[in-house]
Amino acid sequence: MAERKPIVGGNWKMNMTRDGATQLCHSLLLEAVEPQIDTEIVLYPPYVWLTDAATILSESFIRLGAQDGLAESNGAITGGVSLTMLSELVDALLVGHSERRSIFSETTDKFSQQLVSALDMNLLTTYCIGENQTEQESGLTYQVLEEQIGSVFEGATGHHLAQAVNKNPGALVIAYEPVWAIGTGLVAQPTDVQDRAEFIRKEISNYCDAPQLIRIQYGGSVTQKNAGDFAALKDVDGALVGGASLNAEDFLSICRAFSVGKH
Ligand code: PEP
């Protein structure tokens, strides 16, 4: 059996009506039955549809996650939703998505705390990293990845994070998402993605005793057409999918590509 079970996430971002969200959950459950998909599947709907999705997906093989969540458990934070609250509904979390970094100006301090709290709560926790276009064109990709990984492991929170990861390395997923490939139709070269995934695993080994157990996803305009190219890569264990996760057939084809490619 493969050391790392493939994992595909569907990040719905700020999309879907309530009807659309419930229909998509039902379609995924219906269409995923045959052939058997041996890929861990996690959906990240908007907060407001989480309760509906949790009801439909309960007891199913599809896991539910949140796109963000605060490490603070409660308090005077208008508009905030805490991981403590979310953990009653979901068992997975996205941290550090490039849209959180760029649109909400969020930084390492928040990500580090979210990672620690989420792992302490036994949430399947995906940390998103990746270079933007300017960084890529300036040849800074590896430097950016090193910084984005190293910075969350700094200081007392970082020390706690390393302990949490060592306790359960399978609960941390790193999503390598070149920002220039997200939602653009531009796809990174599979050979580059393999090199970057290998580099990420090496960087993680500075903080984790079992980097071979940490799963690494590629994200950036993944479709049913190109998923097989990424599934074939040694250090890539799945995908984080935005646009194509809004259609049941497309999303499940990607999940199947990883199921086939990794077994
Ligand atoms: C994402 O939202 O993380 C993503 C990769 O989006 P898309 O698949 O649409 O590029």
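These legends walk through several close-up views of a predicted model.

**View 1. Eight strands close into a barrel.** Welcome to the centre of the tour: 8 strands form a closed barrel, and their pairing is parallel. Going round, the order is β1-β2-β3-β4-β5-β6-β7-β8. From one strand to the next, the twist averages 25°.

**View 2. Strand β1 pairs with strand β2.** Here residues 7-11 make up β1 and residues 40-44 make up β2. The two strands pair in the parallel sense, over 5 bridges. To find your place, look for isoleucine 7, whose bridge partner in β2 is glutamate 40.

**View 3. Helix α2 lies across β2 and β3.** The helix covers residues 50-57, and β3 covers residues 62-66. Relative to β3, helix α2 runs at about 165°.

**View 4. Strand β6 is largely enclosed.** Residues 172-176 form this strand, and 5 of the 5 are buried, so the rest of the structure largely encloses β6. Follow the side chains along β6: Leu172, Ile174 and Tyr176 point one way, while Val173 and Ala175 point the other way. Residues on both sides of the strand are buried.

**View 5. Strand β6 sits between its partners β5 and β7****.** With strand β5 (residues 124-129), β6 runs parallel, and 5 bridges join the two. One spot to look for is threonine 126, which stands opposite valine 173 in β6. With strand β7 (residues 215-219), β6 also pairs in the parallel sense, over 4 bridges. In this pairing, isoleucine 174 stands opposite isoleucine 216 in β7.

**View 6. A right-handed β-α-β unit links β6 to β7****.** Its parts are β6, helix α9 and β7. The helix in this unit spans residues 190-204.

**View 7. The largest nonpolar core holds 72 residues****.** Nonpolar side chains tend to be buried together in soluble globular proteins. In this model, the residues with the most contacts inside the largest core are Leu43, Ile174, Ile200, Tyr218 and Phe258. Helix α11 (residues 248-261) gives the most to this core, with 7 residues. Apart from this core lies another, of 10 residues, including Val42, Ala92, Cys128 and Ala175.

**View 8. Isoleucine 200 and its contacts.** Which residues does isoleucine 200 touch, leaving aside its neighbours within four places in sequence? Isoleucine 200 is in contact with Ile129, Leu145, Ile149, Ile174, Tyr176 and Ile216. Two of these names may look familiar from View 4, where Ile174 and Tyr176 point one way from β6.

How values were computed:
Residues are numbered from 1 along each chain as its sequence is written. This is a predicted model: local features need pLDDT of at least 70, side-chain atom pairs count only at pLDDT 80 or more; totals for chains, interfaces and linings use all residues. Side-chain values use heavy atoms; hydrogens and water are left out. Two strands pair if DSSP finds at least two bridges between them. Axes are lines fitted to C-alpha atoms, for helices over the stretch in contact, and angles run from 0 to 180 degrees between N-to-C directions. Contact means heavy atoms within 4.5 Å. A nonpolar core is a set of buried Ala, Val, Leu, Ile, Met, Phe, Trp, Tyr and Cys residues joined through side-chain atoms within 4.5 Å. Buried means under 20% relative accessible area, exposed over 50%, partly exposed in between (1.4 Å probe, protein chains only). A crossover is right-handed if, with the strands pointing away from the viewer, the path from the first strand over the helix to the second runs clockwise.
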